[in-house]
Amino acid sequence: MSDDNNDDRSVVALIIHSLCFGGAERQVVEMARNLDPSKFDVYIVTFSDFTPLLDQGDPLRAKLRIINTRTYASPLVLWHLFRLLRNLHVEIAHSFPFDTEIATRLVARLAGVKIVAGSERNDGYKISRWRWLIHRITLPLSDVIIANSNSGAEYHSNLYGLKSLNYAVVHNGVNTDRFKIRPRKVCRDALHLDASAIVIGMFASFKPQKNHSDLFHAMKIVASINDNVRLLLAGDSLFEKTNQTESYKSTLLRLLEECGLSDKTTVLGNRTDVELVYPVCDLTVLPSLHEGTPNVVLESMACGIPVILSEVSDNAKLVKDNIEGLIVPPRDISGLAKKILSLCDNPETRLRMGKLARQAAVNRMANEKMGQKLGRVYLDLLRSKSRSGS
């Protein structure tokens with residue numbers, strides 16, 4: 001039991017580097033909101049006071065604990081994390097990639113934590129030899145790796161080759177009350193967008209994994225055939241990686257100009273009201289090179305907007321091809337252009353797919369289901385640990 005808590009619920013700490021704009025960060029907030037409050041007392045622990053995902057009046061801020069630091073390598077950081085876990089009497093410490101996981105593994109057992117859970121939120125990425133070695137050495141201190149995709153769990157298993165490591169898969173969820181079908185004209189008027197234009201949206205941070213460039217090249221083809229299309233970009237460079245991602249963002253904006261799309265593109269940057277931006281779109285596109293479970297796909301579907309996405313990770317399991325959206329092979333620019341044009345030319349198909357996508361989001365992907373599944377994973381681990389007497 002924690003100092004702030006005198007009941008019999010299991011105390012959970014969700015530990016992440018920050019609560020900036022990002023997929024893992026948003027899912028941590030949703031985990032905290034959707035784990036059963038009768039069974040779990042959930043805290044969010046971050047290493048930055050930059051928390052735009054939690055409004056000042058959000059009740060969840062009462063469960064937020066911040067360890068301010070510039071580097072995870074400082075022994076002082078480990079000491080503060082150790083003290084926090086111990087003082088809260090945390091039973092389940094669930095950390096998120098990458099450096100946060102290492103810090104948690106190093107101190108959790110000493111702080112009396114029963115279950116140490118790591119995460120895998122992606123697949124197909126590259127990792128430096130030094131970082132791989134540190135993870136390989138500390139991974140045996142974890143009880144489980146919780147992945148948000150089957151492909152991510154498989155990739156992590158193959159990457160580190162630890163046969164003794166346990167895996168669980170809990171796909172991301174979506175808030176189907178926040179992300180819902182809304183009047184398109186009202187949302188477009190708020191952004192001063194032409195009501196008659198066909199708007200193609202991409203919601204993603206500016207990083208190579210998301211592969212904006214293929215969409216830009218595809219849109220160049222699309223715009224040469226249909227002059228009524230408009231591109232909308234939501235997202236920005238990454239927090240605390242300013243130099244690298246700002247440079248990449250500049251490269252992308254130059255590419256937009258080279259493709260003749262600057263006058264046809266609205267760049268919104270990061271938004272805290274994306275639920276009002278999806279309904280502006282006629283369709284969305286995510287041509288990623290690798291993924292976990294992309295939040296933006298679930299959010300687009302929940303808003304009743306059909307999505308075209310690359311066949312990577314578990315994407316083909318999220319979206320039923322030609323029913324709830326369209327699947328395209330990665331790096332297939334001409335194929336992507338054809339898929340976009342096919343939806344541009346068929347408003348009835350867009351409407352039908354959008355309705356089915358909304359149904360799928362509600363029935364299969366709602367946050368409540370994610371919270372229930374994650375809660376079962378936690379409780380099963382606690383029961384197993386109790387039976388083993390460790």
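## Two parallel sheets and their helices

In strand β4, Ser-95 is the bridge partner of Ile-15. That pair is a good place to start a tour of this predicted model. Strands β1 (residues 10–16) and β4 (residues 92–95) run parallel and are joined by four bridges. Helix α1 (residues 23–34) packs on the sheet here, touching β1 and β2 (40–46), and its direction makes about 165° with that of β1.

Stepping back, we can place these strands in an open sheet of seven, ordered β3-β2-β1-β4-β5-β6-β7, with parallel pairing. Strands β3 (64–66) and β7 (167–169) stand at the edges with a single partner strand each, so one side of each lacks a neighbour in the sheet. From one strand to the next, the twist averages 25°.

Now to the other sheet. Six strands make up this open sheet, in the order β10-β9-β8-β11-β12-β13, and the pairing is parallel. Here the edges belong to β10 (265–269) and β13 (325–328); each has a single partner strand, so one of its sides has no neighbour in the sheet. Neighbouring strands are turned against each other by 20° on average, direction ignored.

The table sets out one strand pair from each sheet.

| Strands | Sense | Bridges | A bridge pair |
|---|---|---|---|
| β1 (10–16) and β4 (92–95) | parallel | four | Ile-15 and Ser-95 |
| β11 (283–286) and β12 (307–310) | parallel | three | Thr-284 and Val-307 |

Which strands does helix α9 lie across? Helix α9 (residues 295–302) lies across β8 (198–203), β11 and β12, running at about 160° to β12. Helix α9 also packs with helix α12 (residues 347–364), at an angle of about 115° and with the axes 7 Å apart. On the α9 side, Leu-298, Met-301 and Ala-302 make the contact, while α12 brings Gly-354, Ala-357, Arg-358, Ala-360 and Ala-361. The residues of this contact divide into six nonpolar, one polar and one charged.

Helix α4 (residues 129–138) is a nice example of a two-sided helix: its buried residues are Trp-132, His-135 and Thr-138. Seen down the axis of α4, these fall within an arc of 140°, so they line one face of the helix. Arg-129, Trp-130 and Ile-137, on the other side of α4, are exposed. The cover over the buried residues of α4 includes α3 (99–108) and α5 (150–160).

Finally, let us look at the cores. The largest nonpolar core has 64 residues, of which Ile-200 and Ile-340 touch the most other members. Leaving aside residues up to four places away in sequence, Ile-340 touches Ile-200, Leu-215, Ala-218, Met-219, Val-222, Leu-283, Val-285 and Ile-308. Apart from this core lies another, of 30 residues, including Phe-40, Leu-64, Met-370 and Leu-379.

Is Val-222 buried or exposed? Val-222, found in helix α7 (residues 212–225), has a relative accessible area of 0% and is therefore buried. Its contacts, again not counting residues up to four places away in sequence, are Val-229, Ala-337, Ile-340 and Leu-341. Val-222 and Lys-339 are 117 residues apart in sequence, with 9.8 Å between their C-alpha atoms.

Notes. Residues are numbered from 1 along each chain as its sequence is written. This is a predicted model: local features need pLDDT of at least 70, side-chain atom pairs count only at pLDDT 80 or more; totals for chains, interfaces and linings use all residues. Side-chain values use heavy atoms; hydrogens and water are left out. Two strands pair if DSSP finds at least two bridges between them. Axes are lines fitted to C-alpha atoms, for helices over the stretch in contact, and angles run from 0 to 180 degrees between N-to-C directions. Contact means heavy atoms within 4.5 Å. Buried means under 20% relative accessible area, exposed over 50%, partly exposed in between (1.4 Å probe, protein chains only). The arc is that of the directions from the helix axis to the C-beta atoms. Ala, Val, Leu, Ile, Met, Phe, Trp, Tyr, Cys and Pro count as nonpolar, Asp, Glu, Lys and Arg as charged, and the others, Gly among them, as polar. A nonpolar core is a set of buried Ala, Val, Leu, Ile, Met, Phe, Trp, Tyr and Cys residues joined through side-chain atoms within 4.5 Å.
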